[in-house]
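Look at the chain below from its N terminus onward. Follow the backbone first, then turn to the side chains.

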Amino acid sequence: MHPELVTTLYSIIMTIGTPLTSVATKALLLGSGELGKEVALELQRYGVEVIACDKYANAPAMQVAHRCHVFNMLDGAKLRQVIEQEQPSLIIPEVEAIATPTLVELEKEGYRVIPTANAAFLTMNREAIRRMATEELGLATDENTEKAVAKAIEAFNQIKVENKDLHTI
């Protein structure tokens with residue numbers, strides 16, 4: 001499990017409450033595949049009420065969750081509606097196809113997203129990941145690697161031309 005999720009779960013264990021009551025701790029899974037099913041089962045072992053969401057009915061986590069919702073999670077308005085209706089203690093994005101700008105807004109409004117909404121946004125936005133890796137972390141990315149290879153080929157060709165010129169003297 002993601003370390004931040006474990007830490008968050010540990011911090012709320014003392015106040016979990018009872019599923020399907022007004023004092024329940026609720027986890028809303030955004031994505032209900034096999035991984036979501038494993039997360040749902042673990043959360044239920046701790047006494048957490050689980051709500052599974054996905055774009056198709058009868059997804060694996062939906063088969064074990066307390067409740068489920070079927071909708072296109074790229075629809076920000078519908079995502080907001082479900083979250084506001086369920087009032088989850090935790091929102092756990094498990095798929096990449098989510099209206100991440102809406103998640104960011106909801107997190108700013110006080111909803112707890114694990115991992116953060118920004119992490120979910122970066123996961124969906126490969127260009128943002130590449131930019132962060134290059135600009136903030138100084139790591140080589142595919143785009144930089146391509147440029148570096150192109151420069152190396154250009155330099156090699158220049159040396160080759162210069163050496164050819166030397167041999168003709």
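Which pattern does the chain follow when read along the sequence? The order is α-β-α-β-β-α-β-α-α-α-α. This is a predicted model. The chain holds seven helices and four strands. Of its 169 residues, 36% are buried. The exposed surface comes to about 10200 Å². Carbon and sulfur atoms supply 56% of that area. Contacts also reach along the sequence. Take those between residues at least 6 apart: 47% of them join residues at least 24 apart.

Start with the strands. Strand 1 pairs with strand 4 in the parallel sense, over four bridges. One point on this pairing is Ala27, whose bridge partner in strand 4 is Leu90. Strand 4 covers residues 90-93. Leu90 and Ile92 point one way from strand 4. Ile91 and Pro93 point the other way. Both sets are buried.

Now go to the interior. In soluble globular proteins, nonpolar side chains tend to be buried together. Here the largest nonpolar core has 18 residues. The members that touch the most others are Leu28, Leu30, Cys53, Leu79, Ile83, Ile91 and Leu103. Several elements give two or more residues to this core: strand 1 (26-30), strand 2 (49-54), helix 3 (76-86), helix 4 (100-108) and helix 5 (117-124). Helix 3 gives the most, with three residues.

Leu30 is a good place to stand inside this core. Leave aside residues up to four places away in sequence, and Leu30 touches Cys53, Met73, Leu79, Ile91, Ile92, Pro93, Glu94, Val95, Ile98 and Leu103. A second, separate core has 17 residues. Among them are Leu5, Ile16, Ala40 and Leu43.

Cys53 deserves another look. How many disulfides are there? The count is zero. The cysteine sulfur closest to that of Cys53 is in Cys68, and at 8.2 Å it is too far for a bond. A disulfide would need the two sulfur atoms within 2.5 Å. The view from Cys68 gives the matching result: its closest cysteine sulfur is in Cys53, 8.2 Å away. The surroundings of the two can be stated as well. Cys53 is buried, at a relative accessible area of 0%. Cys68 is partly exposed, at 38%.

Charged side chains come next. The whole structure contains six salt bridges. One of them joins Arg67 and Glu86, with N to O at 2.7 Å. Arg67 lies in strand 3 (residues 67-70) and Glu86 in helix 3, so this pair ties together parts that are 19 residues apart in sequence. Is each partner buried or partly exposed? Arg67 counts as partly exposed, at 28% relative accessibility. Glu86 is buried, with a relative accessible area of 4%.

Helix 3 supplies another charged residue, Arg80. The side chains of Arg80 and Glu105 meet in a salt bridge at 3.2 Å, N to O. Arg80 is in helix 3 and Glu105 in helix 4, so the bridge ties together parts 25 residues apart in sequence. Arg80 counts as buried, at 19% relative accessibility. The cut-off for buried is under 20%. Glu105 counts as partly exposed, at 42%.

Arg80 also meets Glu109 in a salt bridge, at 2.9 Å, N to O. This pair links distant parts of the chain, 29 residues apart. Glu109 sits in the loop between helix 4 and helix 5, while Arg80 is in helix 3. Glu109 is partly exposed, with a relative accessible area of 47%. Which residues are linked in a network of salt bridges? They are Arg80, Glu84, Glu105 and Glu109.

Return, finally, to helix 3. This helix gives the most residues to the largest nonpolar core. Helix 3 also carries Glu86, the salt-bridge partner of Arg67 in strand 3. Through Arg80, helix 3 is tied to Glu105 in helix 4 and linked to Glu109 in the loop that follows helix 4.

Conventions: Residues are numbered from 1 along each chain as its sequence is written. This is a predicted model: local features need pLDDT of at least 70, side-chain atom pairs count only at pLDDT 80 or more; totals for chains, interfaces and linings use all residues. Side-chain values use heavy atoms; hydrogens and water are left out. A nonpolar core is a set of buried Ala, Val, Leu, Ile, Met, Phe, Trp, Tyr and Cys residues joined through side-chain atoms within 4.5 Å. Buried means under 20% relative accessible area, exposed over 50%, partly exposed in between (1.4 Å probe, protein chains only). Contact means heavy atoms within 4.5 Å. A salt bridge is a side-chain nitrogen of Lys or Arg within 4 Å of a carboxyl oxygen of Asp or Glu. Accessible areas come from the Shrake-Rupley method with a 1.4 Å probe; for residues, only the protein chains shown count as cover. Two strands pair if DSSP finds at least two bridges between them.
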